[in-house]
Amino acid sequence: MSNKLFVVGAGPGNQSYMTEAAKDVLRASDCVVAAERHLPLVSWHSNVILLKNFEETMKKAERELEKGSVSFLVSGDPGIYSLLPLLKVKFPSRRIDVLPGISSLQCLCASASETWNGSAILSGHGKEIRESVILETADSNRSTVFFCGNDKNPSWLCSLLAEKLPHVKVTVGENLSYENERITCGSPADLKDKNFDSLSIALIINENPYVREEGRPRDCDFIRTDVPMTREEVRSVIIDKLRLKKDSVIWDIGSGTGSISIAAALECPMGEVHSVECLHEASELEKLNIDKFHIFNIKVHEGMAAEVIKNLPLPSHVFIGGSGRELCDILSHISSLQGGIRIVVSGVTLRTIANASELLSGGNYSDFDCIQLNVSRAKKIGSSTIMAAQNPIMIMSAVTKDKGDKR
C-alpha cells in the first residue's frame, strides 16, 4: 500500500451500501480525502482531509502521498461523473487504483424496477448542458438518466419535459440509501411544481421514442405551402459548404420553410440554430416543420434580419438564403463580430450575386469561394422523359477575419 493512490466508490451514501473491498482499502490507507457528506463513512479514520477547496486539497494530498497511501472517497461509482478524470490530470504519472461502488443510477433503477443497460446518461450537476440536448436525448431513447444539480433540479427538469415531452414518465430519487430516501413517480406535469432535493437523480421513461430516418431530410418530408424552400440537392451542398461541427452556433437568415435550419440542426446535436425570417407565414410554417422533425435546438426569430441579428448569440456559422436589400448591412455586422465565422450565401438574382461576391472577396474576409450549381430533374413529357433544368444557383462562402487582420 506504500505511496499508492486510490479512488474509492462510496456508494450512494449509506454505510451498508459500501463494498467490503472499499472498506478494506480505506482501513489500510494512511490518509483519506472525503467530502463533508462522506465524513460519517470514515469518522473512525485518524487522518482525513476534507475535500473543500480543490487546489488546496490537492496540495495536501500530494504531501500525504510522499509519506504513504491516499484514498479519495467519491460518491457512488468512480466511473460515473466523479473526481476520477480530474485526478488523472492532476497525477498523470501516478498509477491510480479504482475501487468501484454502487452508483445512485443503479439504486434509482432498482427502486423503479428498471434495468439501465442502454440508458442514456446526462448530468446537470455542476456543468452546463443545453435544454435541447436533454430533450433530444429523452425523445429518442426509451430510458434517460439525469443527474440533477442546484440549478437543474427535478422541478426544472419536469417543467422542461412538461412543455415538450408531456407523455414521458419520470421517477425522481432523493437521498438514496438513507433513512429519508424518497422515490416519486409521475408525469412531468404532476412533478414540475413539487419540491425536491437539488442533488437528486431522475429516470425518464419514454415508451415510444422517436426514431429518426437515416440520411438528410428529403423535400417530400417537409410540410409545404407557397413559402420558398431550398431544394434537396442545393441544400446538401450548402450544408457541406458550411462545414459544421457538433456544437456549432448557426444563424439561418431568410429561413423560409426551415429546410436549411432543420438540416443544420441535425448536423449539430450539441449546438443551436437561430432562424431569422421576416414573414409571419413562413415563421409559422417553419415551426410546424420543426415539430414534425422532432427538433429541439432551433429558435425562430421573426423580424427584419438586420435588426434581429443584433440580439442573437455569437455565431460560428452563418447561412444567408434570403436577405432582400439588407445583405450588405447583414454582412457588415457579421464581419464586425469576430474572426473565424464561416459564412455561406446562396444567390439566384444578379444583384445578390454581385453584392455577395464583392463583399466576401474583400478585405474583411478570407478563403472566398464561389460555385455555380446547376441541377436538372427528370420530367415526363408524353411518353418520353427529358431532363428539365432548374434555375442555376450561386453558392459563395468565406470566413471573417480578426479585427486586426484586414489586409
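In this predicted model, seven strands make up an open sheet of mixed pairing, arranged in the order β13-β12-β11-β14-β15-β19-β16. At its edges stand β13 (298-302) and β16 (365-373); each has a single partner strand, so one side of each is left without a neighbour in the sheet. Direction ignored, neighbouring strands of this sheet are turned by 15° against each other on average.

Within this sheet, strand β11 (residues 249-253) and strand β12 (residues 272-277) run parallel and are joined by five bridges. Asp-252 has Ser-275 in β12 as its bridge partner. Two helices lie across strands of the sheet. Helix α10 (residues 280-292) lies across β12 and β13 and runs at about 170° to β13. Helix α13 (residues 350-360) lies across β15 (342-347), β16 and β19 (393-400), and its direction is at about 25° to β19.

A further open sheet, also of mixed pairing, consists of five strands in the order β6-β7-β10-β8-β9. Its edge strands, β6 (120-123) and β9 (182-186), each pair on one side only. Here, too, the average turn between neighbouring strands is 15°, direction ignored. Four bridges connect β6 with strand β7 (residues 143-147), and the two run parallel; Ser-123 has Phe-147 in β7 as its bridge partner. Helix α5 (residues 131-140) lies across β6, β7 and β10 (201-205), running at about 160° to β6.

The whole structure contains 21 salt bridges. Three of them are listed below, each with the N to O distance.

| Salt bridge | N to O distance |
|---|---|
| Glu-55 and Lys-90 | 3.5 Å |
| Arg-142 and Glu-114 | 3.2 Å |
| Asp-221 and Arg-218 | 2.8 Å |

The salt bridge of Glu-55 with Lys-90 joins helix α2 (residues 54-67) to helix α3 (residues 84-90), so the pair ties together parts that are 35 residues apart in sequence. Glu-55 is partly exposed at 41% relative accessibility, and Lys-90 is partly exposed at 30%.

Arg-142 forms its salt bridge with Glu-114, and this pair links distant parts of the chain, 28 residues apart: Arg-142 is in the loop between α5 and β7, and Glu-114 in the loop between α4 (104-111) and β6. Arg-142 has a relative accessible area of 35% and is partly exposed; Glu-114, with 23%, is partly exposed. Both residues belong to a network of salt bridges that links Glu-114, Arg-142 and Glu-207.

In the pair of Asp-221 and Arg-218, Asp-221 counts as buried because its relative accessibility of 12% is under 20%. Arg-218 is partly exposed, with a relative accessible area of 37%.

How values were computed. Residues numbered from 1 in each chain as written. Predicted model: local features only at pLDDT ≥ 70, side-chain atom pairs only at ≥ 80, totals over all residues. Heavy atoms only, no water. Pairing = 2+ DSSP bridges. Axes fitted to C-alpha atoms, helices over the stretch in contact; angles between N-to-C directions. Contact = heavy atoms within 4.5 Å. Salt bridge = Lys/Arg side-chain N within 4 Å of Asp/Glu carboxyl O. Buried < 20%, exposed > 50% of the residue type's maximum accessible area, 1.4 Å probe, protein only.
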